Structure formats: C-alpha cells, structure tokens
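Open the model in your viewer with a cartoon representation and keep the sequence panel visible. The stops below go from the whole chain to single residues.

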Amino acid sequence: MKISFQKIPFDSVIKREIILENESDSLKTNFELSIKERNLAFCKINMNGKININCNTCGVDLKKNIDEEIEILIKNGIYDGFNEEFDVVEVPDGTIDLNEIINSELELLRDEIEHCEKCSKTEDNFIFEI
Ligand SMILES: [Zn+2]
C-alpha cells in the first residue's frame with residue numbers, strides 16, 4: 001500500500017490498516033500518519049500478531065508474538081537534520097510505501113536473538129555450570 005506524501009492532510013490524521021497473512025506470518029499493522037511540519041510526517045505504527053522466526057542455535061521454526069508500537073518520522077525528500085528521538089525514513093520520490101516500512105520493522109524484529117525451549121534450557125544449564 002502506497003500513500004503520496006501530498007495526500008496527507010495538514011489538519012488531521014489518516015489511518016491505514018495492513019493485514020499480512022501467509023503460511024508463516026499473521027500480522028495486523030495499523031498506521032496513523034499526520035503532518036508534523038512541512039515535508040515531515042509523524043507516523044505511529046501498531047503491529048500485532050505472530051511472525052515466524054528461527055531459533056538462533058538450532059534453527060527450528062518458532063512463532064514470535066508481536067505487540068509493538070513504533071513511532072517514526074517520514075521525510076518527503078532527503079532529511080539533512082538529525083533526530084535523537086525518532087528514526088527518520090526518507091521518501092525521495094514523495095511516495096510512502098507502507099509495506100516497505102513493515103518489512104524493515106519486521107527485519108529488525110527477526111534479527112533479535114531468540115531460542116527455542118530446548119536450546120534456552122541448554123543455555124541455562126551452561127550458565128549454571130559456570
Ligand atoms: Zn533451538
């Protein structure tokens with residue numbers, strides 16, 4: 001789903017929902033977009049559901065529960081400032097690709113280290129032995 005930056009009204013919030021449903025993931029994402037200042041939008045993202053990840057040790061499939069609230073800024077064009085509080089996503093062509101935002105957030109979540117029950121037990125024992 002794509003939204004043109006120009007279509008975000010100055011005085012209200014637009015909401016979009018994307019449901020991702022496939023054999024490995026089941027995820028509902030809600031977006032709230034509003035204009036913060038000229039050419040800069042504030043985007044609140046709520047992600048809820050389950051995604052498929054792999055155990056970091058043995059690689060077995062795991063389901064990870066997702067319940068995330070993420071806040072980012074979206075810049076229409078190139079962002080030459082620096083923001084300590086929020087990540088800034090640049091859209092040089094003026095088009096916000098919501099699916100792309102979901103995918104990059106999911107990539108971050110999949111990169112977190114997780115272990116299956118068996119491996120986390122082994123790790124506990126390992127720590128215990130030290
Ligand atoms: Zn494992």
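Helices (H or I, at least four residues) and strands (E, at least two) are taken here as DSSP runs, numbered from the N terminus. By that count the chain has 2 helices and 7 strands. Read along the sequence, they follow the pattern β-β-β-β-β-β-β-α-α. This is a predicted model, in which local features need pLDDT of at least 70 and side-chain atom pairs count only at pLDDT 80 or more, while totals for chains, interfaces and linings use all residues. Residue numbers start from 1 along each chain as its sequence is written.

**Whole chain**

Colour by pLDDT, the predictor's confidence in each residue, from 0 to 100. The chain has a mean of 91, and 94% of its residues reach 70 or more. Confidence is lowest in helix H2 (residues 117-129), with a mean of 72, and highest in strand S7 (residues 95-97), at 97. Where pLDDT is low, the predicted coordinates should not be read in detail.

Next, show the C-alpha trace, which spans about 60 × 35 × 20 Å along its principal axes. The radius of gyration is taken over C-alpha atoms, and the globule rule is 2.2 Å times the number of residues to the power 0.38. The chain comes to 18 Å, well over the 14 Å that the rule gives for 130 residues, so it is more spread out than a compact globule.

A residue is buried if 20 or more other C-beta atoms lie within 10 Å of its own, exposed if 12 or fewer, and partly exposed in between, with C-beta atoms placed from the backbone. Of the 130 residues, 8% count as buried.

**The sheet**

Two strands pair if DSSP finds at least two bridges between them. Select S2 to S6: they form an open sheet of 5 strands in the order S2-S3-S4-S5-S6, with mixed pairing. The edge strands are S2 and S6 (87-91), each pairing on one side only. Neighbouring strands are turned by 30 degrees against each other on average, direction ignored, where axes are lines fitted to C-alpha atoms, for helices over the stretch in contact, and angles run from 0 to 180 degrees between N-to-C directions.

Start at the S2 edge. How many of the 8 residues of S2 (residues 14-21) are buried? The number is 0, so the strand lies largely in the open. S2 runs antiparallel to S3 (residues 26-37), joined by 8 bridges, and the two form a hairpin with 4 residues between them. To find the register, select isoleucine 14, whose bridge partner in S3 is leucine 33.

Move across to S4 (40-54). S3 and S4 are antiparallel, with 11 bridges, and leucine 33 has cysteine 43 as its bridge partner in S4. Asparagine 39 sits in the loop between S3 and S4. In this hairpin, with 2 residues between the strands, asparagine 39 takes a positive phi near 65 degrees, although it is not a glycine. Asparagine 39 is partly exposed, with 14 other C-beta atoms within 10 Å.

S4 and S5 (residues 61-76) are also antiparallel, over 15 bridges. Asparagine 54 stands opposite aspartate 61 in S5. The hairpin has 6 residues between its strands, and glycine 59 in the turn has a positive phi of about 85 degrees.

At the far edge, S5 and S6 pair in the parallel sense over 5 bridges. Isoleucine 72 has aspartate 87 as its bridge partner in S6.

**Core and contacts**

A nonpolar core is a set of buried Ala, Val, Leu, Ile, Met, Phe, Trp, Tyr and Cys residues joined through C-beta atoms within 7 Å. Select Phe31, Leu33, Ala41, Cys43, Ile74, Val91 and Ile96, the 7 residues of the largest such core. S3 and S4 are the elements that give two or more residues to this core.

Two residues are in contact if their C-beta atoms, placed from the backbone, lie within 7 Å. Not counting residues up to four places away in sequence, leucine 33 touches Ile3, Ile8, Val13, Ile14, Ala41 and Cys43.

Last, pick isoleucine 70 in S5. With 16 C-beta neighbours inside 10 Å, isoleucine 70 counts as partly exposed. Leaving aside neighbours within four places in sequence, isoleucine 70 is in contact with Ile45 and Glu105. Lysine 44 is 26 residues away from isoleucine 70 in sequence and 5.9 Å away in space, C-alpha to C-alpha.
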